[in-house]
Structures are given as C-alpha cells and as structure tokens.
Amino acid sequence: MYTNDSIIRNFGDRLEKYRTIINDISDSASYNLNPKKSKNLQKLLVDGEKAYGKLKNAAADDFDDLKGAAQEIFDELKDELKGISQQLSTDSLKEKGEEIISYGQDKLDELEDRIAERPLASVLLAFGAGILLSNLLRR
C-alpha cells in the first residue's frame, strides 16, 4: 500500500517530467504545434500544478478525493502528450521520407548527367554487366 507521502512524491515527479516535456516542445522551433493544442497543454499543466498543490496541503480525510481528481488531470495530460508525440513522430517520418526522396532524386540526376557526359562508356559498362550477370545466372 502506498503512503500519502509516496503518492505526493509520485505526482510531483510526474508533474516535473510533464513540465519539462511541455517546455521542450514549446521552446523548440522544429515542432509545428497547433496553438490550440499548446494552450490546452499549458492549461492542463496549470491544472496539474494546482491539483498537486492541493494534494500536498490536503487533510487526511480529503486526500483520497483530491488524489482521484489529480489522477484524472494527470491522465488527461499524459494522453494529450501521447497524442502530440504521435503527431510529431508522423511529421518527423514525413520529413525524413521527403529527405530520402530528394536524396534519391539528386543521385538519379547525377547518374543521368554522368551517362550524358560519357554515353559510349555507359553503354559498354551496361553491356559488360549484362554479360557478367548472364554468366553467373547460367551456372
């Protein structure tokens, strides 16, 4: 069974963790966070801080009620951060995909330029590779 002090410490640790994550998201220019979501996060953080403060100052008989309310706020904050994390992961994957496509296109353009510079050498190289491959596949 958890004591009230350990529960308060747990909420305090979670609050600090969430505060750090939210501040990192808010401070980073690379995250294109919807302003509405950002305000909602800040509001949830303030609500969490208030609930934590009330829980710390609660009398023993009020503790369970306040603990339940604080738990709901912290769960909502956690869910909101989880959603934002998934959104940021998706955005990050899209960005990486675009970078890979761009890199591939650059290399393809580079290859086309080399072929255009030396067409005879390119044809001979392709012919030689075809003969080599056909000999390997025959065996």
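A residue counts as buried when its relative accessible area is under 20%, as exposed when that area is over 50%, and as partly exposed in between. The exercises below concern a predicted model.

**Exercise 1.** State what share of the 139 residues of the protein counts as buried, and decide whether the protein is a compact globule or more spread out.

*Solution.* Step 1: apply the cut-off; 19% of the 139 residues count as buried. Step 2: list the secondary structure, which is four helices and zero strands, in the order α-α-α-α. Step 3: the radius of gyration is 29 Å, well over the 14 Å from the globule rule, so the protein is more spread out than a compact globule. Step 4: for the extents, the C-alpha trace spans about 90 × 40 × 15 Å along its principal axes.

**Exercise 2.** Compare the expected and actual span of helix α2 (residues 35-56), then locate its buried residues.

*Solution.* Step 1: at 1.5 Å a residue, the 22 residues of α2 should span 32 Å; the end C-alpha atoms lie 31 Å apart, which agrees. Step 2: the buried residues are L41, L44, L45, G48, A51, Y52 and L55. Step 3: these residues cover an arc of only 130 degrees around the axis, so they sit on the same side of α2. Step 4: in an α-helix there are 3.6 residues a turn, so residues three or four places apart point the same way. Step 5: the face turned away from the buried side of α2 carries the exposed residues P35, K36, K39, K50 and K54.

**Exercise 3.** Classify I115 by its accessibility and name its surroundings.

*Solution.* Step 1: I115 lies in helix α3 (residues 60-117). Step 2: its relative accessibility is 40%, so I115 counts as partly exposed. Step 3: with L108 and L111, I115 forms a nonpolar surface patch of about 260 Å² of accessible area together.

Note on methods
Residues numbered from 1 in each chain as written. Predicted model: local features only at pLDDT ≥ 70, side-chain atom pairs only at ≥ 80, totals over all residues. Heavy atoms only, no water. Patch = residues over 30% accessible without salt bridge, like charges linked within 9 Å, V, L, I, M, F, W, Y side chains within 5 Å. Areas by Shrake-Rupley, 256 points an atom, 1.4 Å probe, with all protein chains shown as cover. Salt bridge = Lys/Arg side-chain N within 4 Å of Asp/Glu carboxyl O. Helix = DSSP H or I, 4+ residues; strand = E, 2+ residues; numbered from the N terminus. Buried < 20%, exposed > 50% of the residue type's maximum accessible area, 1.4 Å probe, protein only. Expected span 1.5 Å × (residues − 1). Arc of directions from axis to C-beta. Rg over C-alpha atoms; globule rule 2.2 N^0.38 Å.
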